[in-house]
Amino acid sequence: MNHEPIGPMEALNRLCGFHQYCLDTPRHLCYVNQNLCDLLGTSEAELLAQDRDGYLSFLHPEDREEYESFLVQMGQTAQTKALQYRLVSRAGQVIHVLDTVTAYRFEGRWMADSVLADVSRQQQERLQQERGQYLRALSEVYDKIFEFDRVHHIVKCLYGHNSPSFRWLQNIPMEMESATENWITSTAAEGDREALRRFFGSYWERPEDRPARIFYHARSSSGEYKPYAGIFLKLDDNLSLYCCRCCQNEQEAEALRQENDSLKNVQALTMQFTQGMVAFEVEDNRVRPLFSHENVCSFFGYTQEQWSALAETRPTIREFSARNGTAYSDIQTLFSTGEAEFPYFDIQHNTYRRVRAICSRKYDGVGKCYVMLYRMEAPRQEPAEPMVYIRTFGYFDVFVGEKPIAFRNEKAKELFALLVDRKGGFISSEDAIGFLWEDEPANSLTMARYRKVALRLKNTLEEYGAADIVESVNGKRRLIPERVKCDLYDYLSGNEEYAQLFKGSYLTNYTWGETTLAELTGEYLYPPEEH
């Protein structure tokens, strides 16, 4: 078979995400291939815009600083280096890429050719493998494990401890609210049902970084009502695991309720422990790590590479704990009591925080047990000075500093406009649906659609560092006016310096804004009744 030769430009266009930089100030792209545009869901014109680095705007916010530092280094000498980072496409998809960059001098300028390799699939496979290991470790501690998917609004039973009533449900997706309600009604003791409903309801609407726990009584497989302890463990922004176990007696349940102060003398750790979980296996006094989220290993004093190598070297408990300054006697206390808390100092937030450890069984140095470690509480921060500016007069737009928020979902933007229009008042899910989808009733379909929109709004605000301006309580949401600056709020304040802000137009994007517009202009939709 004869193959036609291809030209150099055609060869470049066949590469995944090829682009070319001029690294001299101001740094800018000189060329991008169509594959990169398709990967990001954007156009060549947007990426090549001379007034800004169009490519940088598609980098994951947490990776931008490292990427810019990488490009600065590349512009110092002729070299070839690679960097792995994340891109976020226009559709919101996170793409893990390996970027191989070659820097060189050309016509007196520093240039760089960049070739991307999409490694998202390998990343997902690794994550799935680690989660499988983590699930196996959890099954040694808990009787039942359920996966809650907040995006698709489904729940699955992942592990039922060979319970006949849960075996047939294993890995079958069920509608989240109805399945949970059926379980509460048919299993939980009557006096604990309302508390369980509040517990699940509040967690779905606003999951926190720290694990949420609850204690209740439920009917066991033998038909008796026994005390149970349940906990939510967050896997990522969309997935959480609900794990529960039967306490053998009321004394054990009460012991779990009380905080364990036996390890309060552990040395303060100066490593940042970010959101995440970790699990490791202990067998015959040796430790083998099973699972960890990124950065969690630094809590123990290891790099990611060193942490992975521990699975092969299997250090003793004493060796494993030596790096973070934890006294060996305190580790022994953890194994003898089954649960413990570790305080440490978070230098990023200048505050003390806690993590909780839990063992699958009391361990005396013989046999095997599993240990889970997870963060208990996030640092309390004072609300930052308002950094978000909202424009409602004319077309609706939101700015963080001088940068406009690029909402990837128009309904998420409209929901935010609706919160602004409420001026700090709460709006329920049903009322919001009535505005966002005016011709559709509030039912399970539109409710699921609304939850996705609300989650996208939350993710967008988090991306821009503005998540704290929206409050959610029991399914209702509101904007916190004190944390933003808004032309509508300034105008309504009555301050003379804002008297000229309103020019006769308001939320031009949305028809439902006409009610507030009528109030602003004095042309009310319904004139007062004549007497």
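Helix 13 and helix 14 cross in a right-handed sense, and this description, like the others below, belongs to a predicted model. The axes of helix 13 (residues 410–421) and helix 14 (residues 429–436) come within 11 Å and cross at roughly 120°. The points that follow take up this helix pair, then helix 4, an open sheet and some backbone details.

**Helix 13 and helix 14**

- Two packed helices are described by the angle between their axes and by the distance between those axes.
- On the side of helix 13, the residues that make the contact are Lys411, Glu414, Leu415 and Leu418, and they meet Ala432, Phe435 and Leu436 of helix 14.
- Sorted by character, the residues of this contact between helix 13 and helix 14 comprise five nonpolar and two charged ones, with no polar residue among them.

**Helix 4 and its surroundings**

- In helix 4, which spans residues 64–74, the buried residues are Arg64, Tyr67, Phe70, Leu71 and Met74.
- When the helix is viewed down its axis, these buried residues fall within an arc of 120°, and therefore they line one face of helix 4.
- The elements covering the buried residues of helix 4 include strand 1 (19–22), strand 3 (79–88) and strand 4 (94–106), together with strand 19 (403–404) and helix 15 (444–463).

**An open sheet of four strands**

- Strand 19, which is among the elements that cover helix 4, also belongs to an open sheet of four strands with mixed pairing, arranged in the order 19-18-17-22.
- Strand 19 and strand 22 (484–486) are at the edges of this sheet and have a single partner strand each, so one side of each is left without a neighbour in the sheet.
- Strand 18 (residues 397–400) runs antiparallel to strand 19 and is joined to it by two bridges, and in this pair Val400 stands opposite Lys403 of strand 19.

**Backbone details in the loops**

- The peptide bond that leads from Thr25 to Pro26 is cis, with omega near -5°, and Pro26 lies in the loop between strand 1 and strand 2 (28–32).
- Glu107 has a positive phi of about 50° although it is not a glycine, and its place is in the loop between strand 4 and strand 5 (109–118).
- With a relative accessible area of 66%, Glu107 is exposed.
- Leu507, also a residue other than glycine, has a positive phi near 45° and is found in the loop between helix 16 (487–492) and helix 17 (514–521).
- Leu507 counts as buried, because its relative accessibility is 1% and the cut-off for a buried residue is under 20%.

Notes:
Residues are numbered from 1 along each chain as its sequence is written. This is a predicted model: local features need pLDDT of at least 70, side-chain atom pairs count only at pLDDT 80 or more; totals for chains, interfaces and linings use all residues. Side-chain values use heavy atoms; hydrogens and water are left out. Buried means under 20% relative accessible area, exposed over 50%, partly exposed in between (1.4 Å probe, protein chains only). The arc is that of the directions from the helix axis to the C-beta atoms. Contact means heavy atoms within 4.5 Å. Two strands pair if DSSP finds at least two bridges between them. Axes are lines fitted to C-alpha atoms, for helices over the stretch in contact, and angles run from 0 to 180 degrees between N-to-C directions. A crossing is left-handed if the near helix is turned anticlockwise from the far one by less than a right angle, and right-handed if clockwise. Ala, Val, Leu, Ile, Met, Phe, Trp, Tyr, Cys and Pro count as nonpolar, Asp, Glu, Lys and Arg as charged, and the others, Gly among them, as polar.
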